[in-house]
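Dear colleague,

Please find below the structure that I am handing over to you. My findings follow after it.

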Amino acid sequence: MAAADRSIKGAAAQDRLKARLRGKAEVLGFDVCRFASAVEPWPEGGRLEAFVEAGRHGDMAWMETTLERRKHPTAMWPEARTAVVLGLNYGPGDDPLPQLQDRSAGYVSVYARGDDYHDVIKGRLKTLAGQMAAELKAEVKVFVDTAPLMEKPLAQRAGVGWQGKHTNLLSRSHGNWLFLGVILTAAEISPDPPETEHCGSCTACLDACPTNAFPAPFQLDARRCLSYLTIEFAGAWPEAFRTATGSRIYGCDDCLAVCPWNKFAAETREGRLAAREALASPRLADLLALDDAAFRALFARSPVKRIGRDRFVRNVLYAAGNSNDDSLIAPVARLTDDPDPVVADAARWALGRLSA
Ligand code: B12
Ligand code: SF4
Ligand code: SF4
């Protein structure tokens, strides 16, 4: 779509436009819709570069290959003028962390207990982007998670919230449970005021991390993060992380869940993101029995499907090794000669722990 007159004249006309777009976003189910300049220079690109140079991205090679484009919205799309940042609340309604105490059940992080949020958000972003393009007569592009764009700094600039000491974006009205999506447009829309940091002297998230993944406040070493290890990392884990994972088998919520700002969080109103019965507290014994077909069936339309049966069963075996549950000895023993060497190694480790 060709860019026409990209400027929307007058403060009152800008406010009316933004109110209309917010209304459309709300109808589509978004909980937040705010606007930021996409051209302002920012320090975050340099910080991303330092993160990658220090190797903190681990095996996520796509962060290296897309580094230059990732550093700033205009590096990826020079025409970009405004970022429309959308937030979707996936709040669980109550504190999920007590579930970690049931060591015979696997802990699936809150964001992954319903349908894949990419599928939930993407269609709506595209619908909103289409409506915007028609209204603005300007080009638009849609991004959610996997695109080379730094969504959290853009969200902070738009005033959606701030990047806390755990590096996630949290908000005074929604706490820590917001998915982000971004629409870039070549149209100039007046930016909303940015949010400032409200962590103060709190260190709850830093103290709660089971693997000490924060080298400093506001910085994460992904290689130590259980979210990275359970989801992104394919190989066998070092011993210390195997025990630290406890019963976490997909993602981790500890640094988000302990944040005091969650007292303002509400339960998601999006039915597709609500926890599926089967993923709220799945028994490790059942998960150890999954073959490829059963794994695909159980995780149809779930984000968990992406990591495949072998990586998932590896995670379940580490959790079984931490469970102290004798009834898991037989199903674990059956996996010690699994064709996947990482699964077989995890099974031998778990068997050693359960038999000790
Ligand atoms: C790579 C990635 C990961 C990696 C790395 C996480 C990370 N913190 O970067 C891993 C696999 C570990 C991960 C985990 C999770 N992720 Co993730 N992930 C991403 C992704 C694709 C890119 C993020 C990125 O660019 N990281 C690179 C680093 C450099 O960024 P950063 O940590 O934010 O770095 C900043 C700070 O360190 C700070 N900084 C650095 N030095 C200094 C110094 C000072 C003095 C200061 C003040 C600041 C500062 O500036 C940097 C730049 O902003 C985004 C989607 C996207 N396209 O943006 C989703 C995204 C961040 N993930 C998301 C989610 C939900 C998660 C998990 C909660 C999932 C889970 N429950 O398991 C965890 C949270 C773990 C955590 N504590 O961060 C959401 C977060 C939503 C939100 N409200 O923030 C996103 C935005 C996806 C989405 N579209 O909703 N993720
Ligand atoms: S997600 Fe878990 S492992 Fe990763 S930084 Fe937060 S608390 Fe630590
Ligand atoms: S737990 Fe405390 S330090 Fe961490 S993000 Fe929340 S307010 Fe900030």
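**Findings, beginning with C252**

C252 touches S109, L226 and S227, when residues up to four places away in sequence are not counted. Please bear in mind that the model is predicted. C252 is found in the loop between β8 (248-250) and α11. It counts as buried, because 25 C-beta neighbours lie inside 10 Å and 20 are enough for that label.

**Ligand 2 and its surroundings**

C252 is also among the residues that come nearest to ligand 2; the others are C209, C225, D254 and C255, out of 13 residues around this ligand. Two elements, α9 (226-232) and α11 (254-257), give two or more residues each to this shell. By class, the shell around ligand 2 has 9 nonpolar, 3 polar and 1 charged residues.

An unreviewed UniProt entry lists C209, C225, C252 and C255 under "binding site". These residues span 47 residues in sequence, yet no two of their C-alpha atoms are more than 10.5 Å apart, so they gather at one spot.

Two further members of this group deserve a description. C225 has its place in the loop between α8 (204-208) and α9. With 26 C-beta neighbours inside 10 Å, C225 counts as buried. Leaving aside neighbours within four places in sequence, C225 is in contact with T211, A213 and L220. C255, by contrast, is found in helix α11. C255 is buried as well, with 25 other C-beta atoms within 10 Å. The residues that C255 touches, not counting those up to four places away in sequence, are H166, C205, A208 and C209.

**Ligand 1 and its surroundings**

Ligand 1 has 34 residues around it, of which F51, E151, L169, S227 and G251 come nearest. At least two residues of this shell are supplied by each of α2 (44-53), α7 (151-157), β7 (178-185), α9 and α11. The element that gives the most is α2, with 4 residues. By class, the shell around ligand 1 divides into 19 nonpolar, 8 polar and 7 charged residues.

A second set of positions carries the UniProt annotation "binding site", again from an unreviewed entry: R70, D145, L169, L180, S227, C252 and D253. They are spread over 184 residues of sequence and are also spread in space, with up to 25.5 Å between C-alpha atoms.

L169 belongs to this annotated set and is one of the residues that come nearest to ligand 1. It lies in strand β6 (residues 169-170). L169 is buried, with 23 other C-beta atoms within 10 Å. Not counting residues up to four places away in sequence, L169 touches K152, A155, Q156, V160, G161, W162, Q163, L178 and L180.

**The two domains**

The domain assignment of the protein chain gives domain 1 (11-185) and domain 2 (204-258 + 276-355). Their centres, taken over C-alpha atoms, are separated by 27 Å. The contact between them takes 34 residues from domain 1 and 42 residues from domain 2. On the side of domain 1 that touches domain 2, the elements that give two or more residues are β3 (107-108) and α6 (117-136). The residues of that side divide into 11 nonpolar, 13 polar and 10 charged. Both domains also take part in the surroundings of ligand 1, since the shell around that ligand draws at least three residues from each of domain 1 and domain 2.

**Helix α17**

Finally, I looked at helix α17 (residues 341-355). At 1.5 Å a residue, its 15 residues should span 21 Å; the end C-alpha atoms are 21 Å apart, which agrees. The buried residues of α17 are V343, A346, A347, W349, A350, L351 and L354. What covers these buried residues includes α10 (239-244), α15 (308-321) and α16 (329-333). In an α-helix there are 3.6 residues a turn, so residues three or four places apart point the same way.

With kind regards

Technical notes
Residues numbered from 1 in each chain as written. Chains lettered and ligands numbered in written order. Predicted model: local features only at pLDDT ≥ 70, side-chain atom pairs only at ≥ 80, totals over all residues. Near = placed C-beta within 6 Å. Nonpolar A, V, L, I, M, F, W, Y, C, P; charged D, E, K, R; others polar. Expected span 1.5 Å × (residues − 1). Buried ≥ 20, exposed ≤ 12 C-beta atoms within 10 Å, placed from the backbone. Contact = placed C-beta atoms within 7 Å. Domains from an automatic or database assignment. UniProt positions renumbered as here; feature names shortened; annotations may be inferred.
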